[in-house]
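User: Got a minute to walk me through this one? I'd like to start with a single side-chain contact.

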Amino acid sequence: MGRTLIRQKLWPVHVILAVGAAAMVTPFLWQAITSLQSTGESTSVPPHFLPSWQWGNYSKVFQDTPFAEQFWNSVVQTVVRVLAQVLFCSMAAYAFARLKFPGRNALFLLMLAVLMVPSQVYLLPQYQLVQNMGLLNTLGGVVLPGLFSAFGTFMLRQFFLGLPDEVEEAARLDGAGTFRIFWSVMLPLAKPGLISMGVLTVLWSWNDLLWPLVVVNDDTKMPLTVGLSTLQGEHLTEYPLLMAGSLLASLPMILLFLAAQRRITEGIALTGTK
């Protein structure tokens, strides 16, 4: 009886969640349908809701673009950025959260100010620095500005603040130094936060478009985001090809999120405990 009453009270919530889920799934469904249509069907009015099963669109993506090379570039770009940000941001976050040094708060506020500045503002200075280093049109030039993140530092700092002081004090009494405490004690405890920041960095890096678009003009050195943008013509865009390529590019991120969604939720929840 009690369960029946609870279900009766929760049905509006279930309806709202179902509507929200449908709104989120619909764009992906339409993307899949369009990827299996012909160019004429994708631009017809009224639209075709059933595809004509043009599976050749997927093979044509590999023929018209160096998709495999661009996919590899995106993988390398993402992996290097994630590893670098996890290392550098965790070290900076631990210092801001646990170490006492002059000007700590002022330096942290200065770093947070970076989050308030749109990335387009420092696009030109970054370009000039990369140009002077001779890294234009290289994968290194694409990766270099993304090796550190102010947001990642802020996120991990909040996580380190939520860890118990007793663990660090016990390690210090056992004779462990600052770096040993960070590496062997605090970093393993911050695993949920590291996973959350890593997944968010993966999503940001995989979808990064503006900076690679400015730095790279060689098709074989572009990441997928820039490579797919070349499928948009000035007068005609083959939407089935574009949707097929976009669907292939988004599959790794969808699988990653499905595999790590519990860790992401846990890490973000624990980050805001202090």
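**A loop aspartate and a helix pair**

Analyst: The side chains of D208 and R81 are joined by a polar contact of 3.2 Å; that term means a pair of N or O atoms within 3.5 Å, where within protein one must be able to donate a hydrogen and the other to accept it, and residues adjacent in sequence count only if both atoms are side-chain atoms. This is a predicted model, where local features need pLDDT of at least 70, side-chain atom pairs count only at pLDDT 80 or more, and totals for chains, interfaces and linings use all residues. Residues are numbered from 1 along each chain as its sequence is written, and side-chain values use heavy atoms, with hydrogens and water left out.

User: Is D208 buried or exposed?

Analyst: D208 counts as buried because its relative accessible area is 12%, and buried means under 20%, with exposed over 50% and partly exposed in between (1.4 Å probe, protein chains only).

User: And what does D208 touch?

Analyst: Leaving out residues up to four places away in sequence, D208 touches Q77, R81 and T225, with contact meaning heavy atoms within 4.5 Å.

User: Switching topic: at what angle do α9 and α10 pack?

Analyst: About 145 degrees, with the axes of α9 (residues 165–173) and α10 (residues 178–189) 10 Å apart. Axes are lines fitted to C-alpha atoms, for helices over the stretch in contact, and angles run from 0 to 180 degrees between N-to-C directions. Helices are DSSP runs (H or I, at least four residues), numbered from the N terminus.

User: Which residues meet there?

Analyst: From α9, V167, E168, A171 and R172 meet T178, I181, V185, M186 and L189 of α10.

Terms used
Helices (H or I, at least four residues) and strands (E, at least two) are DSSP runs, numbered from the N terminus.
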